[in-house]
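Visitor: Hi, I'd like to talk through the charged pairs in this protein. Can you put it up for us?
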Amino acid sequence: MKTRTAFCIAALTLVVLGLAAVTSNLTAAPAKPTPQHVENIIPAERVADLAAIQKRHARTIMALPGVQGFGVGLTADGKDAELQVLVRDDQLAPALEPFLDGAPVSVRYTGRIRLEDGFPGCVQPCHAEQQTLPVEMGNSAYSTMRCSACTLGFKACDATREKFVYVTNAHCNRDLNLNQAPIGTITRHVSRGDSPGCGFEEIVGEIGGHADPCDPANSTVDGSKVDSHFDLTWNEIRDIGSPSAFPGNPALGTIVQKSGRTTGRTFGRISMVNLTLNVPAGNFVCGPVTMDEQFMISPVSPSTIWSNNGDSGSAVLDNENRIVGLNFAGDGANGYANTIENVLLELDLTLNLFECTGDCPFAEAARGLPEDSTLLGLGYRFRDQVLPRTSHGRRYAELFEEHRFEMLKIMLTRPNLLQSTRAALDEHRGTLETLVERGRAVVSAQQVTELQSLLSSFAAAASQELRQDLETLRRDVADDDVQRAIGIVVQ
């Protein structure tokens, strides 16, 4: 807790207040454009009626030979829904009634459904190459215990443990015998399967928990949460950008996208929901597994397949960058995913990263700004990479350790001051990125003066102890030696 509160105060005062007018040409790479597709979402009432019928008959249909899945799917014209039975394309379809409880039933042939870990060869836009830490989601990662490959899914907050995590599939964190790797097992980027000779590359986290499909109490999620701070993994998803802090709804007909280790960024349409799925023996150590409440994604132009081996763990997002699911399996063309609602429930997580910041003034200033989770991540990288470099940075952290609650109170009881701080942070977030990425930022003498004025506004509302500490910071801001040590150049 001490380290976190030190970051909150030091980052807020030194970065948000202290560097609020830095100019920078460094900006994040924009997400690639999203192809436009007609999205015809089937009404929820229609899907719910069919889902109730599917639930009544699921176990009977799933027991028929050759059947891999049974759910609510799009009709051939994409304008309505029907009950659909997934049959392997090398099997004969079982005898089926054309209607169940008055609902139409059709057969859909697919390839053999399989988990999608592994490391097949891939060409660009393959995401199997080594990236500089912190690595974005959508790149290669796997546990250290097995030579295979999977994908970093999405960042989340484990509020109960106050841990930032990334999420991927549970089957992406297995040992040589396909058992779940123990809690605390190291994960690496790139996956060992992408490292020459199955070597050991950069550590990006430690396993914090599993939702294991072999657990009889869990029939909906194949997921792991991996403790991983912002100096190791980044919340932006490669080629897509920052995901929303609010989960989306995997509605039938929704256009979606993902970013994976093997096939990169692909696009699809949710073509089945409320899907009961048989994952055959050999994929899980416990044998064949039946999973409920899954959904299928079928590729749309320009994609010809949704996912392939190595893409397990990819986040599935809608066109508003809301995460709707976690990709875990495929059949050679289509993909299969857990719903985000079930993933968050089973792993006890939230997409709102601010739930892991506690009473942090920096987080309060960043909250609600565009791409606020990315901004929060920059703040943590500032804490871990910039502050420790100098005695001044370390001293600020200790100096403001005791003032966390007072700083937060000042901001919350003086809306104009909070708004001024928030506006400065939003306008000049390049400051933080410049210092983190380049170790140097440029300001003008006038900007230093404006900074001191803002610090004075905080000091005017502060207790004697906090006022003295802020006065020390005001003096340091204009000190040439301190500026050079931190990486500030005044022109």
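Guide: Here is a chat about salt bridges, and please keep in mind that this is a predicted model.

Visitor: Sure. How many salt bridges are there in the whole structure?

Guide: A search of the whole structure turns up 18 salt bridges.

Visitor: What does Glu 364 pair with?

Guide: Glu 364 forms a salt bridge with Arg 422, and their closest N and O atoms are 3.8 Å apart. Glu 364 sits in helix α4 (residues 361-366) and Arg 422 in helix α8 (residues 415-427), so this pair ties together parts that are 58 residues apart in sequence.

Visitor: Are those two buried or exposed?

Guide: Both Glu 364 and Arg 422 are buried.

Visitor: Okay, new topic. Which residue does Glu 471 meet in a salt bridge?

Guide: That would be Arg 474, at 3.5 Å from N to O. Glu 471 and Arg 474 are 3 residues apart in helix α11 (residues 464-477), so about one helical turn separates them. Glu 471 is partly exposed, with a relative accessible area of 32%.

Visitor: Any networks, and which residues do they join?

Guide: Asp 158, Arg 161, Lys 225 and Asp 227 are joined into one network by salt bridges that share partners. Within it, Arg 161 forms a salt bridge with Asp 158, with the closest N and O atoms 2.6 Å apart.

Visitor: And how accessible are Arg 161 and Asp 158?

Guide: Arg 161 is partly exposed, at 32% relative accessible area, whereas Asp 158 is buried, at 0%.

How values were computed
Residues are numbered from 1 along each chain as its sequence is written. This is a predicted model: local features need pLDDT of at least 70, side-chain atom pairs count only at pLDDT 80 or more; totals for chains, interfaces and linings use all residues. Side-chain values use heavy atoms; hydrogens and water are left out. A salt bridge is a side-chain nitrogen of Lys or Arg within 4 Å of a carboxyl oxygen of Asp or Glu. Buried means under 20% relative accessible area, exposed over 50%, partly exposed in between (1.4 Å probe, protein chains only). Helices (H or I, at least four residues) and strands (E, at least two) are DSSP runs, numbered from the N terminus.
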